[in-house]
Amino acid sequence: PFVGLLDEPAPHLSLVLFILFTLSSTAFDGLHSTLPWVSLYWKHLYPEIAPWFSPAPGQQFLLSTKIYYVWQWLSLLLSPLIYLGLFAGFVRLAKAFTRSPVPTGELVLRFSMSLVPIAFVYHLTHYYTVFLVQAGQIVKLVSDPFGFGWNLFGTARWTIEPVMLDVGSIWLTQVVLIVAGHIVSVYLAHVEALRIFGSARPAALSQLPMLALMMMFTNLGLWILSLPLAGG
């Protein structure tokens, strides 16, 4: 599974950004409504920028909320660029470890496909609970997709109970999926390193920074997933 990702490198930086956005957008979606993220804005950022604005009387809350939405959108849009800088930095370290003549840009294109399994399991872990809860509604909506009161297939008034899992089962499944996805990514990156550098020693050296990056992604993903489940 996933070995076809190594058939050819990413042809352009735009695909690398897309892959990184599938990572960063999922991380952002899990992080943006958590207490640490909300506190970062309201306790640390907003008090610094609030003096720049002079809203009309009674409009302070409305203005602060609009600024908060701008902060959220900018964070989402900039997230793949932050991930790109991080990824390129670790690839540059891999190049330095091996003293390879291959340009950093080419290495970024070659190694970027190894991140796809991580993006895949991020989406599974983040959204499969939503699917279990909401999927049954598709059976109802197919009979009345526009809310016009139709009952095209006789299912519009069916009562379908959502599938609810206990927190322990959700967390265990998420941990297993994320760790498995990262193991696959580490393997793919190592195979690609053998192809690029030609022998085991430089390939292994190049993977030390990449392994550190994968571990960072693993811990970040698990930390973000744990935040909605934690009290306080």
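The bend of a helix at a residue is taken as the angle between axes fitted to the seven residues ending there and the seven starting there, and helices are DSSP runs (H or I, at least four residues) numbered from the N terminus. The structure is a predicted model, in which local features need pLDDT of at least 70 and side-chain atom pairs count only at pLDDT 80 or more, while totals for chains, interfaces and linings use all residues. Residues are numbered from 1 along each chain as its sequence is written, and side-chain values use heavy atoms, with hydrogens and water left out.

Helix H5 (residues 116–134) bends by about 45° at Tyr-127. Its 19 residues should span 27 Å at 1.5 Å a residue (1.5 Å times one less than the number of residues), which agrees with the 26 Å between its end C-alpha atoms. Residues of H5 that are buried (under 20% relative accessible area, 1.4 Å probe, protein chains only; exposed is over 50%, partly exposed in between) include Pro-117, Val-121, Thr-125 and Tyr-128. The cover of the buried residues of H5, with contact meaning heavy atoms within 4.5 Å, includes H1, helix H7 (167–197) and H8.

Within helix H7 lies Arg-195, which is partly exposed, with a relative accessible area of 48%. When neighbours within four places in sequence are left aside, Arg-195 is in contact with Leu-6 and Arg-110. Arg-195 is also separated from Val-102 by 93 residues in sequence, with a C-alpha to C-alpha distance of 12 Å in space.

Notes. Helices (H or I, at least four residues) and strands (E, at least two) are DSSP runs, numbered from the N terminus.
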